Amino acid sequence: MQEREQDTHLIEGRHAVQEALRAGRNIEKLLVAKESEQSQSVRRVMALARDNGAVVQVVDNRKLDNMSATGHHQGVIAMGTPIQYVEPAEILKAAQETGRPPLIVALNEVTDPHNLGAILRTAEVMGAHGVVLPKHRSASLSPGTLRASAGAADHIPIARVTNLGAFLEEMKGEGLWITGAEMDGEPLNQCDLTGPMVLVVGGEAKGLGHVVKKSCDRVVSIPMAGKTGSLNASVACAILLYEIVRQRG
């Protein structure tokens, strides 16, 4: 199902709605399917929504089916304000204030909303300080992305930039190493990944763009023993982030 950009104010799925409420997102209304009203997990979401001042309305499941942009609403759809993007400088400043080496994930033409959502989830769990997206040729914070992020999009800062290459050069000037991920790079487990870093992950079809790759200080790869030869962008990002966190201890 093709997602509708104008529906980015919809949050679908029990966990995604619950995390949006916990993060303090302004939720105006929660719609609950009659068939799901008695579920314990749905009742917890309903109670949390009421505690946050949202209107809770029980409706026919067909209404949610007609509203849903993902086709997987799990009996709940919340209507609220969209997630606000931050400036890249805000991510860097917040990272520097933690006392830990900055770790920022930048995505180069990741266009699948489910991949973007999964990357946001992994980045948040692994302690990355933020995620940077290009304004063009990139998935957005659509209902599918938010559902796939399982609430992580409400807890990790996300920035959008007009020119990803210019952003990377700016981060170089701030002392961050720009580390791209490509199949022809140095083996990941043979690289020192403990310093301040922007990890750049390429899109599903083409990987890193030529200009973006030229901006990288180094390119790393994931050693693979199988015959498939490639990994999904979100899976690759998860492996890369795990190795970075492992090395940093």
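**Close-up 1. The surroundings of V131 in the predicted model**. Let us start with V131 and the residues packed around it in this predicted model. Leaving out residues up to four places away in sequence, V131 touches I91, V105, L107, L120, A123, I156, P157, I158 and A159. Three of these partners, V105, L107 and L120, come back in the next view, where they are listed together with V131.

**Close-up 2. The largest nonpolar core**. Which residues touch the most other members of this core? They are V105, L107, L120, V131, L240 and L241, in a core of 32 residues. Two or more residues each are given by β5 (103–108), α5 (113–125), β6 (130–134), β9 (197–202) and α9. Among these elements, α9 gives the most, with five residues. As a bit of background, nonpolar side chains in soluble globular proteins tend to be buried together.

**Close-up 3. A second core**. If you look beyond the largest core, you will find a separate one made of 19 residues. Its members include I104, L168, L176 and L208.

**Close-up 4. I11 in strand β1**. I11 belongs to β1, a strand that covers residues 10–12. Is I11 buried or exposed? I11 counts as buried because its relative accessibility is 1%, and buried means under 20%. Setting aside neighbours within four places in sequence, I11 is in contact with A16, V17, A20, R25, I27, V76, I77 and A78. For a sense of scale, E35 is 24 residues from I11 along the chain, and their C-alpha atoms are separated by 19 Å.

**Close-up 5. Q74 and its backbone angle**. Q74 is worth a visit for its phi, which is positive at about 60° although Q74 is not a glycine. You will find Q74 in the loop between α3 (61–67) and β4 (76–80). With a relative accessibility of 39%, Q74 counts as partly exposed.

**Close-up 6. E109 and its backbone angle**. Here is another residue that is not a glycine but has a positive phi: for E109 the value is about 60°. Where does E109 sit? E109 is placed in the loop between β5 and α5, and both of those elements give two or more residues to the largest nonpolar core. E109 is partly exposed, at 30% relative accessibility.

**Close-up 7. A nonpolar patch on the surface**. Now to the outside, where M183, M224, L231, V235 and I239 make a nonpolar surface patch of about 440 Å². One of them, L231, lies in the loop between β10 (218–221) and α9 (233–248). L231 has a relative accessible area of 38%, so it is partly exposed.

**Overview. The whole protein behind the close-ups**. To put the views in context, the protein has nine helices and ten strands. Its radius of gyration is 19 Å, close to the 18 Å from the globule rule for 249 residues, so the protein is as compact as a globular protein of that length. Along the principal axes, the C-alpha atoms fill a box of roughly 55 × 45 × 35 Å. Of the 249 residues, 49% count as buried. Among contacts with a separation of 6 or more, 83% are between residues 24 or more positions apart. The protein exposes about 12100 Å², of which carbon and sulfur atoms supply 48%.

How values were computed
Residues numbered from 1 in each chain as written. Predicted model: local features only at pLDDT ≥ 70, side-chain atom pairs only at ≥ 80, totals over all residues. Heavy atoms only, no water. Patch = residues over 30% accessible without salt bridge, like charges linked within 9 Å, V, L, I, M, F, W, Y side chains within 5 Å. Areas by Shrake-Rupley, 256 points an atom, 1.4 Å probe, with all protein chains shown as cover. Salt bridge = Lys/Arg side-chain N within 4 Å of Asp/Glu carboxyl O. Helix = DSSP H or I, 4+ residues; strand = E, 2+ residues; numbered from the N terminus. Buried < 20%, exposed > 50% of the residue type's maximum accessible area, 1.4 Å probe, protein only. Rg over C-alpha atoms; globule rule 2.2 N^0.38 Å. Contact = heavy atoms within 4.5 Å. Core = buried A, V, L, I, M, F, W, Y, C linked by side-chain atoms within 4.5 Å.
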